[in-house]
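Student: Please take me through a model that I have not read before. I would like the general idea behind each feature, then the case at hand.

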Amino acid sequence: MTIVETRAKRGDAADGALGGRLLRIDGPAKITGLADYALEHHPQGMVHAVLVESAIASGRVVSIDASAAERAPGVLLVMTPDNALPIKSATDWLNTPPSDAPYEPLARSITFAGQHIAAVIAETFEQATAAAALVKVYYEEAPAIAGLDDPKAGDGMPLDRMTIEWGDAHGALANAPIRIKHEYRTPREYNVPIEPHGLIAEWKGDRLTVWEPSQWIDGMARTYAEWFDIPFENVELRSPYIGGGFGSKALALEHGAIAINAARMLGRPVKLAVTRAQTFTAYGGRPATRQTIELGATRDGKLVSIVQTGANETSMKAVQVEPLGSVTSIMYAPPNFSSRQNVVPVNTVKPGALRAPGENPSAFGIECAIDELAYEAGIDPVQIRLLNYAEEDPHARKPWSTRRLREAYAAGAEAFGWSKRQPKPRSMREGNQLIGYGVAAGTYPVRRTPGEALVRILGDGSVEVASSGIDMGQGTYTILAQTAAEAIGVPVEKVRVKLGDSSLPRAPVAGGSQFANLITGAVHKAALAARDELIGLAINDPNSPFRDLQANTLIVENGVISSPRDTGAGVGIAEIMQRTGRERIEALRDTLPENLRNEKDHFRNFTTITTMLSPTDGDYSLHSWCVHFVEVRVDADFGTVRVARMVSALDSGRLYNPKLAESQWKGGIIMGIGQALLEEGIVDARNGRVINNNLGDYLVPTNADIPDLKVISVGVPDTHASVLGGKAVGELGIVGVAPAIANAVYHATGVRVRDLPITMDKLT
Ligand code: MCN
Ligand code: MOS
């Protein structure tokens, strides 16, 4: 088994410590091409699978004529629901037990265009692609609902569990001196990671190896084990490098089942590469949303009531919720509040998670609405936010662990030059450019699922860290090297980090922006335990200069053990290990809370989402916070919008590596700019197909769209939130960007755009 080893090539002591700006230790492997991505493997005898997809959005497959495809050169198998080996149903990600019915990844009944209905497996990719075009499918078509805007879609089903209410929201609203009511909408958006999905599956007897990018190795390997009825430890899922996921690579998907089944049926390794077009239908992105927000306030801008009703689209077969009340219910402190939400089934692939699901569209609604209230009341948009500042969590009624949002407004406004803003819309201009300033806040919760980590000190004085967790670009390799280096007392380049393999210690999903906090916690504990054992060796060795000293009088620094009380020279770790005849010191530690100790045996196999703690499970309410200040420039004639500059101030608690955290924040902000101005999945109302299913038509920002982004950290260590004091980073930055831009566009033009993206046709 090869596991990629990653360690720092260079780095001075200061950068390598926790909190240092160490460069990404996986960077050189990626830049030089050494990093092996999943689909770059070539197991002996590998063949290729290509998917056949439904051309209709609703109805059923009456029959499939595969004869021409089967006769085509190189074809080994045309897999259809009729000849595929049966697969069992699996536990879902929420830990719902499987049904007794078999799982059928190839559909007979069609609920969206692009659904997988057959697969062709051939010796080469070209042969499989050519033969797939020869598969004839006969359908019986039924009317389809193309999306949230389709008149047939209706209001959908209420989700009572999403209801959040306190006080008398409707009564207070009716009596409020200022009332505003508007609808805000966000379109379907797609994850489009640069590395499309795909996998290589190889069976050896009843042991399965899968090379596949994964945000949740445990979760996906568990699903594969259940689908194919083999023990968890018989699945080896490898995912050392991932070209982005943004929420789309956490769960096992239909195409995975198809490829693994084909490998089982043919007795040969099978590669299935999802095409770029298929990344719009092989899994869903962020569902389209709509929400109506009513604000009631006093004349001086104090909120008395918020009433929100929202809906998101989902598929015909499954309920996906995009929680629209998540920011609305905690950002401000209205005495009366009501939020209700529906889901609306349409003929689409099941939507999924995309960076900050829930918080993202939720912030778009409330942060635009509060801006509208600011103009209505004649109050500065920053002032109205401070006026309605929530001193504690108004929903959970618990104190915040830390909420440096006031500091964020102050630092952001100062660095941006907010005081230069002229209050009146369309009052700032330079030549033909209308200038607008906008502000909006954002938040993301601190979630916690336990994980474990292994730390080894080796005979040569080097250190190994191992976890089945992953690094999809967010910086896990680097911060774990820093954590272990600091806790043990070795230079960071002495630490090797192994990630991305299901045989390594258990790790939860790298999703929900929780992974850095909990895995650094486990590594920190394991590293301290290994260090303690090392010091024990040094004290107990009869030939050691530290013989019989008290453990707490020894220190390990820069790979050398010494006693500051003692003037004698220190002894290197390798020397102690050799003297005592030890090849390794090993410590496995986890972050399972005490009340979950009895689940330890269960945890040995894989992590489950049911052990996740919510941000309000303890005595405090735990969240990260941010504020974005934006300057836009709108062409007065054409309505083209450019983001000219942005300053964001963010509170993610303690940062393990500020360089990487800033890069995460900026990545989120850039995606937010895309969401505000460019991104929109367009579905053909006639046939339910995604029209812009490519990166030429589904626009994401390029460098030319992105101005200078300034990010300021205002966080302080928060030990209620995590072992080492950090809070959520990865998804925070995107939250609040789109409303800040919409608010700036209003300030520039006097035109309020309430449905994203803000395109020129909506401004002229
Ligand atoms: N970090 C830090 N200090 C902290 C917390 C985090 O310095 N207190 C830095 C570390 O570099 C860490 C990173 O921020 O690796 C992200 O930490 P965290 O917020 O815990 O997020 P996760 O590790 O759980 O990563 C998942 C998160 C999510 S949910 C999405 S979606 C997302 C994201 O990260 N997708 C990404 N960032 C991404 N970045 C890249 N390049 N590609 C994706 O697909
Ligand atoms: Mo992130 S959308 O929680 O993977």
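Tutor: We will go through the ligand site, the helices, the cysteines and some backbone angles.

Student: What should I know about the numbering and the model first?

Tutor: Residues are numbered from 1 along each chain as its sequence is written, chains are lettered from A and ligands numbered from 1 in the order in which they are written. This is a predicted model, in which local features need pLDDT of at least 70, side-chain atom pairs count only at pLDDT 80 or more, and totals for chains, interfaces and linings use all residues, while side-chain values use heavy atoms, with hydrogens and water left out.

Student: How many residues surround ligand 1, and which are the closest?

Tutor: A residue is near a molecule or strand if one of its heavy atoms lies within 4 Å of it. Here 31 residues surround ligand 1, and G245, Q474, R654, Q664 and G730 are the closest. By class, the shell has 11 nonpolar, 16 polar and 4 charged residues. The classes run as follows: Ala, Val, Leu, Ile, Met, Phe, Trp, Tyr, Cys and Pro are nonpolar, Asp, Glu, Lys and Arg are charged, and the others, Gly among them, are polar.

Student: Which atoms of ligand 1 lie 2.7 Å, 2.9 Å or 3.3 Å from the protein?

Tutor: A polar contact is a pair of N or O atoms within 3.5 Å; within protein, one must be able to donate a hydrogen and the other to accept it, and residues adjacent in sequence count only if both atoms are side-chain atoms. A nitrogen atom of ligand 1 lies 2.7 Å from a polar side-chain atom of Q664. A nitrogen atom of ligand 1 is also 3.3 Å from an N or O atom in the side chain of R355. For V729 the partner is a polar backbone atom, 2.9 Å from an oxygen atom of ligand 1. Taken alone, ligand 1 exposes 840 Å², of which the protein buries 96%; such areas come from the Shrake-Rupley method with a 1.4 Å probe, and for residues only the protein chains shown count as cover. Helix 11 (476-488), helix 12 (515-540) and helix 15 (658-677) are the elements that give two or more residues to this shell.

Student: How do I read a helix such as helix 15?

Tutor: Helices (H or I, at least four residues) and strands (E, at least two) are DSSP runs, numbered from the N terminus. The expected span of a helix is 1.5 Å times one less than its number of residues. The 20 residues of helix 15 should therefore span 28 Å, and the end C-alpha atoms are 28 Å apart, in agreement. At the N-terminal end, N657 is the cap, with a side-chain oxygen 3.0 Å from the backbone nitrogen of K659.

Student: Is there a rule for which residues point the same way?

Tutor: An α-helix has 3.6 residues a turn, so residues three or four places apart point the same way.

Student: How many residues are buried in helix 15 and helix 16?

Tutor: Buried means under 20% relative accessible area, exposed over 50%, and partly exposed in between (1.4 Å probe, protein chains only). In helix 15, 14 of its 20 residues are buried. In helix 16, 13 of its 13 residues are buried. The 13 residues of helix 16 (residues 737-749) should span 18 Å, which agrees with end C-alpha atoms 18 Å apart.

Student: What about disulfides?

Tutor: A disulfide is a covalent bond between the sulfur atoms of two cysteines. The cut-off used is a pair of cysteine sulfur atoms within 2.5 Å. The structure holds 0 disulfides. C368 is in none, and the nearest cysteine sulfur, that of C626, is 14 Å away. C368 is buried, at 1% relative accessible area, and C626 is buried at 0%.

Student: Which backbone angles deserve a look?

Tutor: Most residues other than glycine have a negative phi, and most peptide bonds are trans. F246 has a positive phi, near 55 degrees; F246 lies in the loop between strand 13 (235-238) and helix 7 and is partly exposed, at 31%. R397 also has a positive phi near 55 degrees; R397 sits in the loop between helix 9 (381-387) and helix 10 (405-416) and is exposed, at 51%. The peptide bond from L756 to P757 is cis, with omega near -5 degrees, and P757 is in the segment after helix 16.
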